[in-house]
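Student: I'm new to this structure and would love a close look at a single part of it. Could you pick a place to begin and lead me on from there?

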Amino acid sequence: MEKTFIIYLIIINIVTFFVFGIDKKKAKKSKWRISEKALFVLSAIGGSLGALAGMYTFRHKTKKKAFKIGIPAILIVQIVLIFFINK
């Protein structure tokens, strides 16, 4: 894999992890929230591992079926794509 791509994946996963944490904090304080669509977009553009880690670290969106199934599904698709692209 290209070094730039690996750096991108590291950054997007860190950002996504912290966005899940920020959204959880806002949820506890009943403040303006980050949309679920935005959380899924961050996952889809490469932050799925960070999203999964954020979900379980912050106990956020773990009861929502769309996230419980969707985020791991996105991660699996991304792993498969990376595997086939690097073949």
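Tutor: Let's begin with Phe 17, which has its place in helix α1; here helices (H or I, at least four residues) and strands (E, at least two) are DSSP runs, numbered from the N terminus. This is a predicted model, in which local features need pLDDT of at least 70 and side-chain atom pairs count only at pLDDT 80 or more, while totals for chains, interfaces and linings use all residues. Residues are numbered from 1 along each chain as its sequence is written, and side-chain values use heavy atoms, with hydrogens and water left out.

Leaving aside neighbours within four places in sequence, Phe 17 is in contact (heavy atoms within 4.5 Å) with Gly 50, Ala 53, Gly 54, Thr 57 and Phe 58. Between the C-alpha atoms of Phe 17 and Leu 39 there are 9.8 Å, and the two residues lie 22 residues apart along the chain.

Leu 39 takes us to the largest nonpolar core, which has 11 residues: Leu 9, Ile 12, Val 19, Phe 20, Ile 34, Leu 39, Leu 42, Ala 51, Met 55, Phe 67 and Ile 71. Two or more of these residues come from each of α1 (3-28), α2 (36-57) and α3 (65-85). A nonpolar core is a set of buried Ala, Val, Leu, Ile, Met, Phe, Trp, Tyr and Cys residues joined through side-chain atoms within 4.5 Å. Buried means under 20% relative accessible area, exposed over 50%, and partly exposed in between (1.4 Å probe, protein chains only). In soluble globular proteins, nonpolar side chains tend to be buried together.

Take Met 55 from this core: apart from neighbours within four places in sequence, Met 55 is in contact with Phe 20, His 60, Lys 61, Thr 62, Phe 67, Lys 68 and Ile 71.

Now follow Phe 67 and Ile 71 into α3, where Phe 67, Gly 70, Ile 71, Ile 74, Leu 75 and Gln 78 are buried. These residues lie on the same side of α3 because they cover an arc of only 130 degrees around the axis, the arc being that of the directions from the helix axis to the C-beta atoms. The buried residues of α3 pack against α1 and α2. On the other side of α3, the exposed residues are Lys 65, Ile 69, Ile 76, Ile 79 and Phe 84. With 21 residues, α3 reaches 30 Å from its first C-alpha to its last, close to the 30 Å expected at 1.5 Å a residue; the expected span is 1.5 Å times one less than the number of residues.

Lys 61, met above as a contact of Met 55, also leads us to the salt bridges. A salt bridge is a side-chain nitrogen of Lys or Arg within 4 Å of a carboxyl oxygen of Asp or Glu, and the count comes to three. In one of them, the side chains of Glu 36 and Lys 61 meet at 3.0 Å, N to O. This pair links distant parts of the chain, with Glu 36 in helix α2 and Lys 61 in the loop between α2 and α3, 25 residues apart. Glu 36 is partly exposed at 30% relative accessible area, whereas Lys 61 is buried at 12%. Glu 36 also meets Lys 64 in a salt bridge, at 2.7 Å, N to O. Salt bridges with shared partners thus join Glu 36, Lys 61 and Lys 64 into one network.

Back in α1, Asp 23 meets Arg 33 in a salt bridge of 3.0 Å, N to O. Asp 23 belongs to helix α1 and Arg 33 to the loop between α1 and α2, 10 residues apart.
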